[in-house]
Amino acid sequence: MENKKIIYYKQIDSTNTELARLATKGAEHGTVVVAELQTAGKGRRGRQWESPAGENIYMSILLRPNCVPDKAPMLTLVMAYSVGEALKALGFSEVQIKWPNDLVLSGKKICGILTEMQLKDSEMDYVVVGVGINVNTSSFPKELQDTATSLYLESGIIFDRERLIESVAKYFDQSYRQFLEAQDLSFLKEAYNDMLVNVGKEVRVLEPGNEYIAYAQGINSEGELLVHTKEGEERRIYAGEVSVRGVYGYV
Ligand code: BTN
């Protein structure tokens with residue numbers, strides 16, 4: 001995937017949507033789409049992703065992985081880990097991961113990841129992994145102020161977004177290779193769990209049609225979050241379906 005093709009847009013609806021369009025026209029594995037502004041940025045669970053111009057990173061990577069569709073949610077964790085590594089390399093040694101796919105600084109969200117998969121005859125056709133990083137934003141809309149932050153707000157430094165994009169792509173390349181070889185997340189489990197903000201905390205598990213409180217322990221090699229319920233039962237939560245919230249706030 002080295003020497004990736006990076007396509008830059010001044011404005012696009014969503015880098016994920018655009019890359020899916022390009023994928024259906026045959027775009028190559030490793031193609032990256034980056035935009036200055038998204039007019040219809042997408043978040044998880046059908047939410048929108050605030051995407052003002054010129055301050056942040058909106059990027060998506062196209063993968064045509066040689067693995068079964070069940071493993072696609074693991075790519076979200078591979079990306080979360082890779083963004084974590086890139087942020088550590090910039091000096092943000094305290095960066096944490098909120099399972100499965102948010103990066104957190106000072107208890108607030110700095111990055112979100114949206115993985116979308118397309119099947120062909122029930123086999124994997126392609127996967128788009130989209131990454132939104134709050135980089136140089138100096139203020140957020142009121143409704144996000146308590147839960148979102150940016151690299152600039154955390155450090156007072158304006159960052160070069162192009163270099164950070166390259167760095168994320170480089171770390172992702174390395175981890176993606178290891179993932180394909182192992183076909184699981186054993187290679188990053190320990191490092192991921194070291195960064196995990198949820199460890200030892202109460203979380204609210206939001207399964208479709210079912211909500212409960214549990215204690216998070218860490219991920220296993222499949223990227224599932226291991227939790228203990230109040231009744232002492234151990235459960236494994238699969239990243240594809242469920243998200244967790246802190247009981248007392250965002251983390
Ligand atoms: C989330 O935390 O809800 C996921 C947010 C993902 C946002 C990124 S920005 C680049 C890519 N294009 C999109 O429309 N969404 C992702």
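For sorting residues here, Ala, Val, Leu, Ile, Met, Phe, Trp, Tyr, Cys and Pro count as nonpolar, Asp, Glu, Lys and Arg as charged, and the others, Gly among them, as polar. Keep in mind that you're working with a predicted model.

**Exercise 1.** Work out how the lining of the largest pocket divides into nonpolar, polar and charged residues, and which elements contribute to it.

*Solution.*
- Start with the space itself: the largest pocket has a volume of about 770 Å³.
- Next, look at its centre. The lining has 42 residues, and G43, Q48, W49, E50 and K109 are the closest to that centre.
- Now bring in the elements. Two or more lining residues come from each of α1, β3, β6, β7 and β12 (243-246). Of these, β6 gives the most, with four residues.
- Finally, sort by class: you get 15 nonpolar, 18 polar and nine charged residues in the lining.

**Exercise 2.** Find where the ligand sits, and describe the shell of residues around it.

*Solution.*
- The ligand takes up the space of the largest pocket.
- As for who supplies the shell, α1 (15-24), β3 (57-63), β6 (108-120) and β7 (123-133) each give two or more residues. Once again there's a top contributor: β6 gives the most to the shell, with four residues.
- There are 20 residues around the ligand, and S14, Q38, K42, R44 and K109 come nearest.
- Sorted by class, the shell holds six nonpolar, 10 polar and four charged residues.

**Exercise 3.** Pick out polar contacts between the protein and the ligand, then say how much of the ligand's area gets buried.

*Solution.*
- The cut-off you need is 3.5 Å between N or O atoms.
- Try a side chain: T15 puts a polar side-chain atom 3.0 Å from a nitrogen atom of the ligand.
- Then check the backbone. K42 has a polar backbone atom 2.7 Å from an oxygen atom of the ligand, and a backbone N or O atom of R44 lies 2.7 Å from a ligand oxygen atom.
- For the area, the ligand taken alone exposes 410 Å², and the protein buries 98% of that.

**Exercise 4.** Explain what stands out in the backbone at P100 and at D121, and place each residue in its loop.

*Solution.*
- First, the background: most residues other than glycine have a negative phi, and most peptide bonds are trans.
- W99 and P100 are joined by a cis peptide bond, with omega about -5 degrees. You'll find P100 in the loop between β4 (96-98) and β5 (102-105).
- D121 isn't a glycine, yet its phi is positive, about 50 degrees. D121 sits in the loop between β6 and β7.

Key:
Residues are numbered from 1 along each chain as its sequence is written. This is a predicted model: local features need pLDDT of at least 70, side-chain atom pairs count only at pLDDT 80 or more; totals for chains, interfaces and linings use all residues. Side-chain values use heavy atoms; hydrogens and water are left out. A residue is near a molecule or strand if one of its heavy atoms lies within 4 Å of it. A polar contact is a pair of N or O atoms within 3.5 Å; within protein, one must be able to donate a hydrogen and the other to accept it, and residues adjacent in sequence count only if both atoms are side-chain atoms. Accessible areas come from the Shrake-Rupley method with a 1.4 Å probe; for residues, only the protein chains shown count as cover. On a 1 Å grid over the protein atoms alone, a cavity is a set of points where a 1.4 Å probe fits but cannot get out, and a pocket is an open set with protein on both sides within 12 Å along at least five of seven lines; lining residues have an atom within 4 Å of a point. A molecule sits in a cavity or pocket if more than half of its atoms lie within 2 Å of its grid points. Grid points are joined across faces, edges and corners, and a volume is the space filled by probe spheres set on the points.
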